[in-house]
Protein chains: 2
Amino acid sequence: MTPLPAIRPERLLDRLAAFAAIGRTAKGGVDRQALTEGDRAARALLARLARARGFALFQDAAANLFVRREGADSGLPPLLVGSHLDTQPTGGRFDGALGTLAAFELLEALEDAGLATPRAVELVAWTNEEGSRFSPGCLGSQAFAAGRLAPEWLEARAPDGARLGEELAATLAALPEVAMRPLGTPVAAYLELHIEQGPVLEREDVPIGAVSAIQGTRWLEVTMEGAAAHAGTTPLAFRRDPMVAAVAALHHLQTRVMPEDPAARLTVGRIRAEPGSINAVPERVSFSVDIRHPDAGRLAAIEAEVRDVCTASATAQDCTARVAVRFDMAPLAFAEEMIRAVETAAAKAGLASRRLVSGAFHDALFLARVAPAGMIFVPCRDGVSHNEAEDVEPRFSAAGATVLLGGALELLGLAG
Amino acid sequence: MTPLPAIRPERLLDRLAAFAAIGRTAKGGVDRQALTEGDRAARALLARLARARGFALFQDAAANLFVRREGADSGLPPLLVGSHLDTQPTGGRFDGALGTLAAFELLEALEDAGLATPRAVELVAWTNEEGSRFSPGCLGSQAFAAGRLAPEWLEARAPDGARLGEELAATLAALPEVAMRPLGTPVAAYLELHIEQGPVLEREDVPIGAVSAIQGTRWLEVTMEGAAAHAGTTPLAFRRDPMVAAVAALHHLQTRVMPEDPAARLTVGRIRAEPGSINAVPERVSFSVDIRHPDAGRLAAIEAEVRDVCTASATAQDCTARVAVRFDMAPLAFAEEMIRAVETAAAKAGLASRRLVSGAFHDALFLARVAPAGMIFVPCRDGVSHNEAEDVEPRFSAAGATVLLGGALELLGLAG
């Protein structure tokens, strides 16, 4: 009888340490931005490990890298698992790497157990998830879902002057023995393990998040204009102060939107007053409003509230308000079957889980356009991510890999 | 019988036009910053006009330029009248020039009438009132009141690299025939005409402001610190958002301080969020608070309110608040006899007047340390100043000069 496949935590942790050494920073974080030499070194290490286990390798025009463990019927679309290997410039050891290496651990566990799967299982390392060196982020998964690379993406320039098109070509050329395949080959389903990048699981002491949705995001830029005036000589009645208007609007929004709707997020991360004199009423105040909600209707309602409140506050100060949409991503609900597979796998492993809405984007958002997709979250220390201090307890890395394997077995119809 | 002295409005307006041509900008304003060639040209023109009327000229180590019409007793301290000739880089035609040239008109009116005054009357053009090219502003009047030039002022550098010490020397050398006198010679009283640089007189259609005080000013810098966090992944309960704290504090202050006390001014001209990401709760928000009040006790009370409110708002968001004082100038009440002299002169000339607190600093603030000092304000269009669009109706320039003359006659005991 075939032994049940099981992940080996020590092997996973060793692999995490080996990849964390590629691009390691002085503060113990990782600088391995997309399509750099560091990124290529990480891909080369993954390819070496894959070949050592006899897995097949493929890459596509977006330099997405696939590791394939063949299934009983090689003609069926594979079950896809993975994440990304690129990091922020001062990134951590787990964002992306955990999901990619847990997927490799899954392939090895199947191989260790000698388990035949009805269809192939493939690991994928998506190109440029972070978007810190080249825009847009999630470039690999977007291209995969669209079946093409948008020509303008190839012209994107890094701050160091490098052009995306050349860096993609150099990255593909660095693994000359890996076969090319077309962008957007069919997929049966996609499952991704990732760190939460937020505080909820840790604070509630729940090791597994069954991600039910990725919330929608809208970035607004509000500009209020009044009249510059001398701070000393201008009485209240003669002021048209856009700072007073901005503060009144923001106070209203900050005391209403999130307090009245626990699923809503409203964040003001940027604000500027012009001309910026200590002793002058500003002529113009502009600020960003990042709003998020899992429900598209509520997201639209919050945007409408921002518009109404800003207009009313500006009018009250005899100022004007303009509201521009800078970015707009609709909410995504993951397929119920995928959420259930994660919950079931967690329960069978004796791990507590809860449903969670992802506040951040992930490659799974784009994969959901072409196949049932799902995500597993594990806690990260203090919710810190995109930071060299990012950390994940070994038991949570192991738990995440266990549920990734269990979820895959559920989806493959091989769970006990 | 000696005719009553009277100002000649056309002569004053011609002189204003002649000085506005020195440093005239394309937009019809004036760029005649302190101790530049333009400033020297204006001083040279004033000296030429003075010599043509037979007035004596003096300058001191701060390059303050004095035009003296001798009195019956040359040993008595003079009545001093004047303002400044320097401008902002994109300044107007009236800020400083009106007060200086109205003072010259006063000397000429006395001369035209052949009126003997019991003491000398002197015009002064103070050096570097604006402070835009060299710090500090009001350098000439500060040095005069202190009786010395602070040695560190001589080391001040202009943005063009020029050193104040050299520019002062070159400016003095440009009028080699003008006798030097010590800094801080005794003064019987000081009266200054200036444009209001605010909207009150114009909106109330009152031609003369009898300035009762210069309000105190305190500049605070508030820094609130919380914790940077992902805008998408961090629920309200896990946020330590200094932007929410800053907005709550500012909303409280903006809806209380000025609305509840018409003499108070509270202005937020600068605000900054760090790191300034659209999609991150900021780690730190800092802003300026410019508070002004004619009463020292109220000024201190408003500062205390800013401190209390900022601390409370920060604490409510689990953030910290620091409040630093960046600048502090105590309020000044002008001598009642000076205010009355202005009111009486206005009434005798059939001009409506009202008492007014100056929101801006002026040279008179420093002169009040060594002699009874007073100021006359006239309306400027839309309250606009420090701007090339600065404008004053001819009837208001004439009214100001009339009250300057009338006030001087009151102080000299020569009023009818």
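**Entry 1: the interface**

I looked up the interface first: chain A and chain B bury about 4,200 Å² between them, 66% of it on carbon and sulfur atoms. Buried area here is the accessible area (1.4 Å probe) that two parts lose on being put together, summed over both. I then asked which three residues supply the most of what chain A buries against chain B. They are T233(A), F238(A) and I278(A), with 16% of that area.

I note that this is a predicted model, where local features need pLDDT of at least 70, side-chain atom pairs count only at pLDDT 80 or more, and totals for chains, interfaces and linings use all residues. Residues are numbered from 1 along each chain as its sequence is written, chains are lettered from A and ligands numbered from 1 in the order in which they are written, and side-chain values use heavy atoms, with hydrogens and water left out.

**Entry 2: who touches whom**

I found 47 residues from chain A and 47 residues from chain B in the contact (heavy atoms within 4.5 Å). I looked for salt bridges (a side-chain nitrogen of Lys or Arg within 4 Å of a carboxyl oxygen of Asp or Glu). The count between chain A and chain B is zero.

On the side of chain A that touches chain B, I listed the elements that each supply at least two residues: α7 (200-204), α8 (242-260), β10 (265-267), β11 (271-274), β12 (280-281) and β13 (284-293). Helices (H or I, at least four residues) and strands (E, at least two) are DSSP runs, numbered from the N terminus. Which element gives the most? It is α8(A), with nine residues.

**Entry 3: aromatic pairs**

I turned to the rings and found 14 aromatic pairs over all chains. Rings of Phe, Tyr and Trp (its six-membered ring) pair if their centres lie within 6.5 Å; planes under 30 degrees apart count as stacked, over 60 as edge-to-face and the rest as tilted.

F66(B) and W126(B) pair edge-to-face, at 6.3 Å centre to centre and 80° between the planes. F66(B) sits in strand β2 (residues 65-69) and W126(B) in strand β4 (residues 121-126) of chain B, 60 residues apart. I checked burial (under 20% relative accessible area; exposed is over 50%, partly exposed in between; 1.4 Å probe, protein chains only). F66(B) is buried at 0%, and W126(B) is buried at 1%.

W126(B) also pairs with Y190(B): the centres are 5.9 Å apart and the planes at 65°, so this pair is edge-to-face. Y190(B) lies in strand β6 (residues 189-195) of chain B, so the pair ties together parts 64 residues apart in sequence. Y190(B) is buried, at 0%.

In chain A, I noted that ring pairs link F66(A), W126(A), F144(A) and Y190(A) into a cluster.
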